[in-house]
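Here is a walk through one structure, written for someone meeting it now. Have a look at the sequence and the model, then read on.

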Amino acid sequence: MLQRIQTLFLLAAAILLTCMFFNPFISFGEEIIKYTDSTLIQVLLIVATVIGYFNIFMYRKRTRQIRLCMFNCLVLLGVQGIIAYYLFTLKTGAAFSLTAAFPVIAAILTYMALRCIARDEAMVKMTERLRK
């Protein structure tokens with residue numbers, strides 16, 4: 001399970017999303033806003049994190065794993081869109097943390113895992129076809 005490169009990609013993406021729960025999102029001088037203060041971001045992050053960890057253990061069902069990867073990429077891009085919305089609508093003087101880029105990095109890692117899973121599925125189908 002952990003020896004496959006796609007599992008490592010999925011694990012890295014899930015760890016990045018888990019780190020977002022414990023780090024600040026925006027700081028206005030001494031005021032700090034966390035990701036858990038916004039209900040929409042919090043719900044989407046919980047969904048993306050749970051899918052990320054759940055997807056690691058779906059290694060026997062590759063087609064379902066591919067679908068979950070696609071859905072997770074869409075959720076992560078939605079989270080990044082909400083973060084971009086906050087970036088453009090907040091007043092000046094707001095400092096975003098480095099973790100604001102984690103959803104994009106996690107989406108890229110999930111997409112890389114999706115490609116590796118699809119390659120494995122194609123190889124399995126090819127070997128099944130040769131056996132018949």
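## A buried acid and its partner

Asp-120 counts as buried, because its relative accessibility is 12%, under the 20% that marks the cut-off. Keep in mind that this is a predicted model. So who does Asp-120 meet in a salt bridge? The partner is Arg-4, with 2.6 Å from N to O between the two side chains. Arg-4 sits in the segment before α1, while Asp-120 belongs to helix α4 (residues 102-131), so this pair ties together parts of the chain that are 116 residues apart in sequence. Unlike a buried residue, Arg-4 is partly exposed, with a relative accessible area of 38%.

How many salt bridges does a search of the whole structure find? There are two. The other one brings together the side chains of Glu-121 and Arg-62, at 2.7 Å from N to O. Here Glu-121 is in helix α4 and Arg-62 in helix α3, so the pair links parts 59 residues apart in sequence. Glu-121 counts as buried at 14% relative accessibility, and Arg-62 counts as partly exposed at 23%. As general background, side chains of opposite charge can pair when their charged atoms come close.

## The chain as a whole

Now step back a little. The protein chain has four helices and three strands, and along the sequence they follow the pattern α-β-β-α-α-β-α. The C-alpha atoms fill a box of roughly 65 × 25 × 20 Å along the principal axes. Of the 132 residues in the chain, 38% are buried. The chain exposes about 8,100 Å², and carbon and sulfur atoms supply 67% of that area.

What about contacts between residues at least 6 apart in sequence? Among those, 71% join residues at least 24 apart.

## Two helices side by side in a table

Helices α2 and α4 can be set out in the same way.

| Helix | Residues in helix | Reach, first to last C-alpha | Expected at 1.5 Å a residue |
|---|---|---|---|
| α2 | 18 residues | 26 Å | 26 Å |
| α4 | 30 residues | 43 Å | 44 Å |

For α2, the reach is close to the expected value. Its buried residues are Ile-41, Leu-45, Ala-48, Thr-49, Ile-51, Gly-52, Asn-55 and Ile-56. They cover an arc of only 165 degrees around the axis, which means that they lie on the same side of α2. What covers them? The cover includes α1 (5-20), β1 (24-28) and α3 (62-89). Turn to the face of α2 that points away from this buried side, and you meet the exposed residues Thr-39 and Val-50.

For α4, the reach is again close to what is expected. Its buried residues include Phe-102, Leu-109, Cys-116 and Ile-117, and both acids from the salt bridges, Asp-120 and Glu-121, are listed there too. The cover over the buried residues of α4 includes α1 and α3.

One pair of residues relates these two helices. Ile-56 is found in helix α2 and is buried, with a relative accessible area of 5%. Its C-alpha atom is separated by 11 Å from that of Ile-117, and the two residues are 61 apart along the chain.

## A patch on the outside

Not every nonpolar side chain is tucked away. Which residues form a nonpolar patch on the surface? They are Val-43, Val-47 and Phe-71, and together they have about 230 Å² of accessible area. Val-43 is part of helix α2, which spans residues 39-56. At 44% relative accessibility, Val-43 counts as partly exposed.

## A buried spot in a strand

Last stop: Phe-25, which has its place in strand β1. Is Phe-25 buried or exposed? At 3% relative accessibility, Phe-25 counts as buried. Leaving aside residues up to four places away in sequence, Phe-25 touches Ile-33, Lys-34, Tyr-35, Ile-41, Ile-83, Tyr-86, Ala-95, Phe-96 and Ser-97. One of these, Ile-41, also appears among the buried residues of α2. The C-alpha atoms of Phe-25 and Leu-98 are separated by 8.4 Å, although the two residues are 73 apart along the chain.

How values were computed. Residues are numbered from 1 along each chain as its sequence is written. This is a predicted model: local features need pLDDT of at least 70, side-chain atom pairs count only at pLDDT 80 or more; totals for chains, interfaces and linings use all residues. Side-chain values use heavy atoms; hydrogens and water are left out. Patches are made of residues with over 30% relative accessible area and no salt bridge: like charges are joined within 9 Å, nonpolar side chains (Val, Leu, Ile, Met, Phe, Trp, Tyr) within 5 Å. Accessible areas come from the Shrake-Rupley method with a 1.4 Å probe; for residues, only the protein chains shown count as cover. A salt bridge is a side-chain nitrogen of Lys or Arg within 4 Å of a carboxyl oxygen of Asp or Glu. Helices (H or I, at least four residues) and strands (E, at least two) are DSSP runs, numbered from the N terminus. Buried means under 20% relative accessible area, exposed over 50%, partly exposed in between (1.4 Å probe, protein chains only). The expected span of a helix is 1.5 Å times one less than its number of residues. The arc is that of the directions from the helix axis to the C-beta atoms. Contact means heavy atoms within 4.5 Å.
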